[in-house]
Amino acid sequence: MPAISIIILLILSFQVIPVSLGIDRHKMNVFHVASSIFLLILGQVLLFLLGILLGDKFMYLMSGFKRFVLFLGFFIIATRMIMEAFEIRKGKRTYLLNKANQFILPSIAQAVNTFLTGILFNLLAFNLLKGLIYLSIFSLAFSVPFIFIQNEKQSMLAVSLLYMIGGGTLGILSFYFLFI
């Protein structure tokens with residue numbers, strides 16, 4: 001699997017952080033915390049898979065415009081991440097929920113960029129199983145530590161900065177696709 005695909009999957013796994021900050025581990029038992037983490041990861045993986053399946057149906061039509069489609073798609077996703085960074089900084093993109101079943105909708109909402117990336121990944125050479133494993137591991141690695149961080153202004157600034165760095169990196173990578 002190319003390193004650029006792994007970097008993109010790493011950046012996409014940042015999306016579990018705002019929802020992870022909203023998990024109140026003090027009001028939930030261990031089972032509910034674990035199931036919340038599972039739902040976050042499942043939302044990422046299922047939407048990525050759905051994007052792969054949907055892209056498999058029509059992205060072959062774009063093979064002549066591969067470079068431009070990859071550039072435009074990843075640039076739009078980078079822009080969305082940077083715009084979300086400002087919302088996170090204001091505290092609008094965090095979820096303060098204390099039941100595991102309440103995390104289904106936020107985990108799906110946060111994974112929209114992963115869905116779009118799944119569509120675009122049809123134009124890249126990558127191994128689907130490895131991609132799903134990488135996405136799952138990265139999402140787990142970002143969701144667990146942020147459960148233990150308090151949902152305060154400093155944590156919002158850190159998450160916002162992480163989103164900005166991820167969006168900027170993805171924006172730079174989008175220009176790479178334009179020139180390959």
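A surface patch of the nonpolar kind is built from residues with over 30% relative accessible area and no salt bridge, joined when their nonpolar side chains lie within 5 Å. Keep that in mind as you look at this predicted model. Its protein chain has eight helices and zero strands, and one nonpolar patch on its surface is worth a visit.

**The chain as a whole**
- Reading from the N terminus, the elements follow the order α-α-α-α-α-α-α-α.
- The chain has 180 residues, and 47% of them count as buried.
- Its accessible surface comes to about 9200 Å², with 72% of that belonging to carbon and sulfur atoms.
- If you take contacts between residues at least 6 apart in sequence, 91% of them join residues at least 24 apart.

**The nonpolar patch**
- Leu 54, Phe 58, Tyr 60, Leu 61, Met 62, Phe 65, Phe 68, Leu 72 and Ile 76 make up the patch, and together they have about 890 Å² of accessible area.
- Helix H3 (30–58) and helix H4 (66–90) each supply at least two of the patch residues.
- H4 gives the largest share, three residues.
- Tyr 60 sits in the loop between H3 and H4.
- Tyr 60 counts as exposed because its relative accessibility is 57%, and the cut-off for exposed is over 50%.

**H4 and its partner H6**
- H4 packs with helix H6 (residues 112–120) at an angle of about 170 degrees, and their axes are 10 Å apart.
- That angle makes H4 roughly antiparallel to H6, since angles over 145 degrees count that way.
- On the H4 side, the residues that meet H6 include Val 69, Leu 70, Phe 74 and Ile 77.
- Their counterparts in H6 are Val 112, Asn 113, Leu 116, Thr 117 and Leu 120.

Conventions. Residues are numbered from 1 along each chain as its sequence is written. This is a predicted model: local features need pLDDT of at least 70, side-chain atom pairs count only at pLDDT 80 or more; totals for chains, interfaces and linings use all residues. Side-chain values use heavy atoms; hydrogens and water are left out. Patches are made of residues with over 30% relative accessible area and no salt bridge: like charges are joined within 9 Å, nonpolar side chains (Val, Leu, Ile, Met, Phe, Trp, Tyr) within 5 Å. Accessible areas come from the Shrake-Rupley method with a 1.4 Å probe; for residues, only the protein chains shown count as cover. A salt bridge is a side-chain nitrogen of Lys or Arg within 4 Å of a carboxyl oxygen of Asp or Glu. Helices (H or I, at least four residues) and strands (E, at least two) are DSSP runs, numbered from the N terminus. Buried means under 20% relative accessible area, exposed over 50%, partly exposed in between (1.4 Å probe, protein chains only). Axes are lines fitted to C-alpha atoms, for helices over the stretch in contact, and angles run from 0 to 180 degrees between N-to-C directions. Angles under 35 degrees count as roughly parallel, over 145 as roughly antiparallel, 65 to 115 as roughly perpendicular and the rest as oblique. Contact means heavy atoms within 4.5 Å.
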